Amino acid sequence: MRRLVAATAALAVVVPLAAYAQSGGGEGASEMTHRITILVLQLAVVIIAARFVGHLFKHGLKQAAVLGELAAGILIGPYALGSIPLPILNGPLFPLELGPIPVRPELYGFAVVASIVLLFVAGLETDLPTFLRFSIKGSTIGLGGVIVSFALGDAAAVFLLPNVDSFMHPEALFLGTVSTATSVGITARILEERHKLSSPEGVTILAAAVIDDVLGIILLAVVVGVSKVHKLGGGVEWGHIGVIAAKAFGFWIVSTVLGIIFAPKLARGLRKFKAFEVTASVAFGIALFLAGLSEEAGLAMIIGAYVTGLSLSQTELANELQEYLQPLYDFFVPIFFCVMGMMANLAEMGQVLFFGLVFTALAILAKLIGCGLPALATGFNIRGALRIGAGMLPRGEVTLIVAGIGLASGAIGHDMFGVAVMTLLVASVIAPPALIRAFEGGAGLRVAAAPERREPELKDIVLNFSSPRIAEFIRGQFIRSFRKEEFFVHQLELHQPFYQIWKEEILITLDQKESSIVLQTEAQYEQFVRLLVLEEILELKDFLETIEGEESPVSLSKELFGKEKLGGEQVGNESAEGDGIRKEESSEEPDDVR
Amino acid sequence: MNLRKVLSKSVISCDLPGTRKNEVIEALMDILMTTGKVRDREAAMRSILDREQKMSTGIQNGVAIPHGKTDVVDDLVACFGIRKEGIDFDALDGEKSRIFIMTLSPVNRSGPHVQFLAEISQLLTDAEKREKLLGAGTPEEVLDILTT
């Protein structure tokens with residue numbers, strides 16, 4: 001049904017377009033058809049290249065897939081292979097566009113929508129209660145990281161770039177902002193693998209990342225405002241900047257507070273649709289609407305998207321929305337990173353290589369100092385401070401979005417965009433080994449601070465089965481059982497048998513490794529998990545005994561493929577029965593795959 | 001989970017009769033029947049005994065959690081009983097069982113059933129709490145100990 005709707009919608013767009021072109025809609029129409037054809041071809045190459053190189057980075061080089069997607073963009077973009085003319089197109093596939101954005105506006109439009117999806121989901125994933133619980137430490141550390149990163153980034157531009165003469169120069173402001181935004185996705189994954197996500201350092205990093213995101217976005221709002229004034233020739237006096245900052249902060253705080261107040265009502269209203277696809281689409285529509293409004297209000301689009309996500313993050317819709325938006329996210333995010341990669345001009349990088357290296361080194365140093373010093377002041381020892389600093393190193397999508405907005409507004413050039421990409425690549429490649437090294441050794445808290453913040457004791461429950469197939473089947477049963485107990489089950493990555501299972505304060509992870517299933521939870525919930533597993537295994541035993549009591553396989557196969565049914569007209573009837581069996585098998589699947 | 005939602009004074013006994021496993025289970029079932037929420041005693045007993053047959057629900061520290069799934073209830077029902085002298089319930093740790101929590105839950109309905117059992121048995125990992133329960137004289141006292 002969904003396919004039918006999608007096909008009808010596609011026809012509704014394509015058919016009039018073709019008809020308009022054929023009916024002699026003029027050169028405009030044929031030009032439009034040509035542009036859309038190029039867009040479709042570009043998207044095809046972008047999607048395949050991004051996924052392919054991303055996969056290569058992830059599995060071959062053991063790096064984050066997004067770095068591969070970014071590299072794919074650099075490789076196929078208008079500054080590299082994309083500029084090679086193709087006879088079939090009478091020109092290159094990715095022609096270099098004049099103006100600040102080197103790719104076609106249509107393709108750039110996809111990247112902008114992707115950035116809205118990214119920030120909407122980032123807002124939805126924001127764990128405000130955790131942040132509030134650790135808000136003092138988290139805020140101090142996040143704030144330290146943002147201030148030092150912004151100051152060093154801005155200062156690097158003033159002292160090293162000849163055309164930048166003041167700390168308020170848009171280029172300096174954008175470079176300062178580019179340096180601030182941490183992306184803790186990589187950190188979270190490494191800490192999860194090493195069971196350190198619930199450690200005092202892990203929790204503090206995640207809380208600090210929340211304030212980091214929020215401050216980064218407010219900073220971006222201010223910087224966009226100041227650059228617009230600068231561009232119009234207006235003076236950038238302190239008073240004026242104060243007004244812009246107050247306006248940006250005001251918009252942010254008012255919309256967030258209103259969002260958090262009204263989101264539960266909105267969630268209840270959306271629930272009335274009963275069909276979750278309608279709820280999810282309306283929620284995403286609201287994110288797009290607020291993104292547009294915030295751009296119109298003189299801020300950046302991502303701010304509206306982030307605020308919408310943040311507001312809905314505390315409602316019961318958050319988890320379902322995240323799950324529902326996952327395919328959209330998986331589709332758009334590689335496009336975003338790939339298109340961002342296309343905007344980096346490696347040839348121009350030669351001229352700013354020295355600046356790029358200094359800027360990157362400062363960006364790394366800034367997080368180590370900016371987050372490390374407040375960590376030292378709030379109960380961590382040097383080891384703990386280094387861990388937190390290393391955890392805050394990776395830069396990600398917000399860095400690129402800020403740089404992209406700077407590029408589109410003309411505040412920074414392609415060379416500085418390249419510097420932002422370089423910072424992201426280097427910081428993200430350095431961070432994982434640095435983090436793994438940092439987390440070796442003893443406790444990260446000072447002795448006096450340690451007793452009040454003991455790490456929760458985690459228990460592993462390991463179950464070994466005779467084959468991966470049996471483990472896979474039992475995993476599906478366990479997941480069904482947790483759902484029946486009203487737990488929310490979330491598969492962390494598609495095609496990976498790794499799940500997060502939670503309800504209220506109980507958090508369990510379930511990981512299938514070949515023929516073993518490992519369940520991990522805090523010691524106080526261990527008994528519940530053991531009991532649930534035991535009950536499920538007893539039920540399965542019962543089930544298997546029932547199957548054994550069924551007719552023997554020989555008589556079953558006779559019934560299915562009996563002589564009289566194999567020949568003549570009987571075959572048609574039999575195939576209908578066969579279909580029934582297949583359907584029953586596939587109906588078992590979703591529990592396991594979801 | 002709010003234990004008071006499931007357990008009330010009327011389903012708590014501080015002096016369960018019976019000296020054998022089956023007798024204690026019968027006594028617990030008698031309590032559950034007083035709620036009026038179990039439609040068929042025989043079917044309910046069958047579900048409890050079936051589960052006991054697969055593996056004893058006498059877990060550890062003198063606590064047993066006989067439970068079953070059956071269509072003769074519409075929602076989770078539970079009762080609580082104490083048999084101070086202790087009886088042989090084939091417990092996994094070989095100890096005599098003194099504290100019993102029996103639950104019945106519907107077969108194909110979602111709900112925090114195992115979680116209820118786990119939470120209440122988790123409470124009983126506290127030795128001090130167990131001692132207090134064994135010394136309790138009235139259902140009110142038991143409820144207070146369980147919910148504080």
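## Cores, strands and a chain contact

Biologist: In this predicted model, what share of the contacts in chain B with a separation of 6 or more comes from residues 24 or more positions apart?
Modeller: Take the contacts in chain B with a separation of 6 or more. Then keep the pairs 24 or more positions apart. Their share is 71%.

Biologist: Which pattern does chain B follow along the sequence?
Modeller: Chain B has six helices and five strands. It has 148 residues, of which 37% count as buried. Read along the sequence, the pattern is α-β-α-α-β-β-β-β-α-α-α.

Biologist: Which helix gives the most to the side of chain B that touches chain A?
Modeller: The contact takes 10 residues from chain A and 12 from chain B. On the chain B side, five are nonpolar, six polar and one charged. Seven residues come from the top contributor, which spans residues 113–123. That is helix 4 of chain B.

Biologist: Which helix supplies the largest share of the largest nonpolar core?
Modeller: This core has 134 residues. Among those with the most contacts inside it are A:Ile116, A:Ile302 and A:Phe336. The largest share is 16 residues, from residues 200–231 of chain A. The supplier is helix 9.

Biologist: From which domains does this core draw at least three residues each?
Modeller: Both contributors lie in chain A. One covers 2–92 and the other 112–438. They are domain 1 and domain 2.

Biologist: Which residues does A:Ala305 touch, not counting those up to four places away in sequence?
Modeller: A:Ala305 is one of the residues with the most contacts inside the largest core. Leave out residues up to four places away in sequence. What remains is A:Ile116, A:Leu119, A:Phe120, A:Gly123, A:Ala287, A:Leu290 and A:Ala291.

Biologist: How many residues are in the second, separate core?
Modeller: Its members include A:Ala471, A:Leu510 and A:Val529 from chain A. B:Val11 is also included. The count is 53 residues.

Biologist: Which residue in strand 7 of chain A is the bridge partner of A:Leu510?
Modeller: Strand 6 (residues 506–513) pairs with strand 7 in the antiparallel sense over six bridges. The two form a hairpin with two residues between them. In the turn, A:Glu514 has a positive phi of about 50 degrees. The partner of A:Leu510 is A:Leu519.

Biologist: And which residue in strand 7 of chain A is the bridge partner of A:Asp460?
Modeller: Strand 3 (residues 458–464) and strand 7 (residues 516–522) of chain A run antiparallel. Seven bridges join them. The partner of A:Asp460 is A:Gln520.

Definitions and conventions: Residues numbered from 1 in each chain as written. Chains lettered and ligands numbered in written order. Predicted model: local features only at pLDDT ≥ 70, side-chain atom pairs only at ≥ 80, totals over all residues. Core = buried A, V, L, I, M, F, W, Y, C linked by C-beta atoms within 7 Å. Buried ≥ 20, exposed ≤ 12 C-beta atoms within 10 Å, placed from the backbone. Helix = DSSP H or I, 4+ residues; strand = E, 2+ residues; numbered from the N terminus. Domains from an automatic or database assignment. Contact = placed C-beta atoms within 7 Å. Nonpolar A, V, L, I, M, F, W, Y, C, P; charged D, E, K, R; others polar. Pairing = 2+ DSSP bridges.
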